[in-house]
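Visitor: I'm new to this structure and would love a close look at a single part of it. Could you take me through the empty space enclosed inside?

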Amino acid sequence: MRKLLFSIVALLCAVSASAQRYDNYLPEVTNVSLSETNLPIIFITVNKAVIQRRNTIQGQMKIVDNGSGNLNYGDLTTHSSQNFNYNGAIAIKYRGNSSFVSSDKKPYAIYPTDASGNVQKVSLLGMTTSSEWALLAPFSDRSLIRNVLSFNLARQFMPKIPQAKFCEVVVDGVYYGIYLLTERVSSLMASDAELFEVDRADETNLYTSSYKPYSTAGSAINYAKVTYQPKTANAISTDITAMEQSLAGSSYATQIDATSFADYLLNTEFAHNADGYRLSTNLYKESGGKFKTSLWDMDLGFGNYDAFEGYRNDTWVYNENDILSAQDDPQLVPFYWYNLIHNADFQSTLKARWQEYRKDVFTQTKIDAKIDSLTTLLNANGALTRNFTAWPIWSKKVWPNYKVTASYDAEITYLKEWIGDRLTWMDTNIGNEDVIEPVTPGETKVAMTTPISITSGFNTDCVAEATSTAPTDKDTHPALDGHGSVFATVAVASSGNVLPDNGAITGSNGHTFQLASYTANNCLYLPKTSSSGTLTFASPVTTDSLSILLCGANKDNYDLAYDIQVNYSDGTYDTVNMTEVLDDWCYNRYGTQILSNLRRWRADNDGVDGTLVSLSENKIKVNKAKAVKSLTFTSQCQSDSWGYGMIGVFAVSSLKWVTTGVETIQTPTTREIKSIYSMDGQQLNHLQKGINILRYSDGTTKKVVVK
């Protein structure tokens, strides 16, 4: 269905390039009166000429701005002595891709001209002198402030962030609502600067990267491509080539400003901007400097996108290539972000920069205050009421809303709550990707998991291997949720998914684990706050990271949080805080579940109930130079007189990233892996060391050697 919708949108884009509306896309309600406002008023006159999308037409523009603290009036005859910030000719056309095709309220590109139609540079509303201006039309962003909020916050860390001013717009005498008059990133550049935009292949003079985007596993997605649109006359494609070459290796700092790229990542991820990295992404290089970044187009962020998991606040946008490629989206996140996020030095930069953000500017208090300031500005003299009278969308779904709110106050509440959850999640997860050597063309990085033998530490039997040994009293055996619930095997459940008899687990991500004997204690059960226990390994393990198989319960009322002390064989240790990173075994919120829809035995029912439960995986990084001998877990779950959160740890595996050498037998443009076999024909659940044969959906095969 998504592929069909994508095709329909693509068709609409093609059609809309030439077909315009004779009425210039009038608002739903056209008799809205604008008498006075605290916002500047932009009057555009085209005398009923049809505004085009690809070509400009001539018109006139007046901007009424009587200054801070003074009202601006819509009646130019009665209030003839008002201050005109601009009063003259313009060239105008529609702008945007999805913001044009999928929005009833259309954005414009504005080019101030002289009387002869020659484009000229001017300063509008105190912003940078420029010959091109964007008049953005917030529509699906019911808050109207997502772009401005992002720009205002980012500008305190990034130097080339556009300014934007709220205005009310009237076209040929009809009130069109609240718009944003916005600088273009190009107007902020020095005359000798290079500016590129990572975007669609829909412009002339494109530069196409020779590097393919990567999946989250580090393999090239061959059907897709990355294209750069030069935005200044000095933009030299060979400089982009040099930048990409450095990012394909470990010497990225010679070509990019790592802090600027970290700032782009943090602001893009803070908003969870679904278009981040791959669309409307500005890269610029000033004379003698390195490549830096700027922001644009953030209105799909902050939980405002219902596709590709764009609404979530607990995932990374930089990892969305897997989702996008499954829908055949042609424009993916460039490969170099994969290499950066898995680089130890860049991770250190990210963490240090995020700490700076969170000290002051990015505190919940400061962000809420900024939101309140913006909404107060829009509320002061009725602009909000006028806008939503012209465009009555409350309680109506418009593309691409995930949350359909019924009022402005409800939308702002949703925005604030979403941001609060996002900040908390980023605090825990920023810069915690596995450290992997840069992936270069012809390589694939594969995560190899190896179950670790545990000799001691399990304190509870949480698997029902037989009816005769299954728990019957929830008070003497409360695990795993206070009802005496434990995982079921085939011996006690006649249908549905159950734990395998041999305890060998392969998750949906291919990671493998080995459960302890079902007839003995097989779970480290941590009830209530400060419960603690240590799992001791049969022998110390040196690895890149550790994968932990576990579950939690009662997340609805009590956070599932815990600490891990990583104990090394040399007597030292590291402490890892795991906060808001574990799903309740009954529902998936954070995407940690890797074995789902399992049956459970419930002691207070003396049988298998109808609830389906899951096992989750959490990963932690460890010191690769040291051997880990044990892990000490301490519950930080909340508790009160009514109950508490519970965690059960079942297994630990080591995880190492290895490089594969690939011999290509055939390379079609699009395909997916259907099965993996060893050389002797045995079907495998995941790649193993040695030679593997991959069979694809189109019937082709590939030989992969894991070193």
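Guide: Happily! The largest cavity holds about 70 Å³ of space, in what is a predicted model. Let's walk around its wall. One stretch of the lining is made by Tyr 214, Ser 215 and Thr 216, and the wall also includes Tyr 318, Asn 319 and Asn 321. Further along the chain, Val 333, Pro 334, Phe 335, Trp 337 and Tyr 338 line this cavity too. Helix H7, which spans residues 335–341, gives the largest share of that lining, with 3 residues. As for character, the lining of the largest cavity has 7 nonpolar and 4 polar residues, and no charged ones.

Now let's turn to the second largest cavity, where the space comes to about 40 Å³. Tyr 318 appears in this lining, and you have already met Tyr 318 in the wall of the largest cavity. Trp 316, Ile 341 and Leu 350 also line the second largest cavity, together with a run of residues: Asn 429, Ile 430, Gly 431, Asn 432 and Glu 433. Here the residues divide into 5 nonpolar, 3 polar and 1 charged. So that you have the whole tally, the count comes to 3 cavities of 30 Å³ or more.

And how is such space found in the first place? Rolling a probe the size of a water molecule over the atoms shows where empty space is left. With that in mind, you can go back to the largest cavity and look for helix H7 in its lining.

How values were computed: Residues are numbered from 1 along each chain as its sequence is written. This is a predicted model: local features need pLDDT of at least 70, side-chain atom pairs count only at pLDDT 80 or more; totals for chains, interfaces and linings use all residues. Side-chain values use heavy atoms; hydrogens and water are left out. On a 1 Å grid over the protein atoms alone, a cavity is a set of points where a 1.4 Å probe fits but cannot get out, and a pocket is an open set with protein on both sides within 12 Å along at least five of seven lines; lining residues have an atom within 4 Å of a point. Grid points are joined across faces, edges and corners, and a volume is the space filled by probe spheres set on the points. Helices (H or I, at least four residues) and strands (E, at least two) are DSSP runs, numbered from the N terminus. Ala, Val, Leu, Ile, Met, Phe, Trp, Tyr, Cys and Pro count as nonpolar, Asp, Glu, Lys and Arg as charged, and the others, Gly among them, as polar.
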